[in-house]
Amino acid sequence: MKHTFRCDCPITSALDILGDKWMLVIIKQMLVEHKQTFKDFIESDEAIATNILTIKLKLLEELEIVTKSKLPNNKKTNLYQLTERGLSLATIIVDLALWSDANLSELNIDMRNPNELELMKNNKADFIKVLRENYRKKLATIE
């Protein structure tokens with residue numbers, strides 16, 4: 001399935017894919033929270049509806065941001081994993097966390113301030129590198 005874009009602008013093109021309410025949340029859940037199965041996503045705090053999750057995971061797969069396979073010990077359960085294209089979104093996830101901390105913490109008094117936030121602030125490049133490496137290591141233990 002070929003995705004259509006509104007125009008030739010790189011920012012608008014990225015937002016055509018990632019700019020809805022759920023795409024980056026799903027990618028964040030995979031990258032940071034190591035969610036990999038449909039059940040993992042459904043049980044998350046964000047409470048995505050099953051029909052929406054199905055649509056978003058299918059689109060992420062079509063765009064080669066995630067891959068879908070079966071669990072080695074359970075051929076019924078689908079396993080969703082970020083591709084290198086998906087992992088490259090780590091920078092955006094970290095930038096959004098930093099922006100949110102700097103600009104939304106007063107508006108959302110319930111917002112968490114995880115310990116990782118200080119690591120992001122102190123050395124964003126190293127944090128992103130470790131985040132990607134940890135994700136790859138987690139994948140290696142499954143395969």
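**Entry 1: Tyr 80**

I looked up Tyr 80 and placed it in strand E2, which covers residues 74–82. The model is a predicted one, and I read every value below as computed from it.

I then asked whether Tyr 80 is buried or exposed. Its relative accessibility is 8%, so Tyr 80 counts as buried, the cut-off for that class being under 20%.

Next I listed the contacts of Tyr 80, leaving aside neighbours within four places in sequence. The aromatic side of the list holds Phe 38, Phe 41 and Tyr 135. Tyr 80 is also in contact with Met 30, Lys 35, Gln 36, Leu 57, Thr 67 and Lys 68.

I also checked the separation of Tyr 80 from Asn 122. The two residues lie 42 positions apart in sequence, and their C-alpha atoms are 31 Å apart in space.

**Entry 2: H2 against H4**

I turned to helix H2, residues 23–31, and its packing on helix H4, residues 50–62. The axes of H2 and H4 are 10 Å apart and meet at an angle of about 75°. H2 and H4 are therefore roughly perpendicular to each other.

From H2, the contact uses Met 23, Ile 26 and Ile 27. From H4, Leu 53, Lys 56, Leu 57, Leu 59 and Leu 60 take part. I sorted these residues by class and found 7 nonpolar, no polar and 1 charged. Leu 57 of H4 had already appeared among the contacts of Tyr 80.

**Entry 3: H2 against H6**

I repeated the reading for H2 and helix H6, residues 90–104. Here the angle is about 100° and the axes are 10 Å apart. H2 and H6 are therefore roughly perpendicular to each other.

On the H2 side I noted Leu 24, Ile 27, Lys 28 and Leu 31. They meet Ala 90, Ile 92, Ile 93 and Leu 96 of H6. By class, the contact has 7 nonpolar, no polar and 1 charged residues. Ile 27 is listed in this contact and in that of H2 with H4.

**Entry 4: The whole chain**

I counted the secondary structure of the protein chain as 8 helices and 2 strands. From the N terminus, the order is α-α-α-α-β-β-α-α-α-α. The radius of gyration is 16 Å, close to the 15 Å that the globule rule gives for 143 residues, so the chain is as compact as a globular protein of that length. Its C-alpha atoms fill a box of roughly 45 × 40 × 25 Å along the principal axes.

Buried residues make up 36% of the 143 residues. The chain exposes about 9400 Å², of which carbon and sulfur atoms supply 54%. Among contacts with a separation of 6 or more, 51% join residues 24 or more positions apart.

Key: Residues numbered from 1 in each chain as written. Predicted model: local features only at pLDDT ≥ 70, side-chain atom pairs only at ≥ 80, totals over all residues. Heavy atoms only, no water. Axes fitted to C-alpha atoms, helices over the stretch in contact; angles between N-to-C directions. Helix = DSSP H or I, 4+ residues; strand = E, 2+ residues; numbered from the N terminus. Parallel < 35°, antiparallel > 145°, perpendicular 65-115°, else oblique. Contact = heavy atoms within 4.5 Å. Nonpolar A, V, L, I, M, F, W, Y, C, P; charged D, E, K, R; others polar. Rg over C-alpha atoms; globule rule 2.2 N^0.38 Å. Buried < 20%, exposed > 50% of the residue type's maximum accessible area, 1.4 Å probe, protein only. Areas by Shrake-Rupley, 256 points an atom, 1.4 Å probe, with all protein chains shown as cover.
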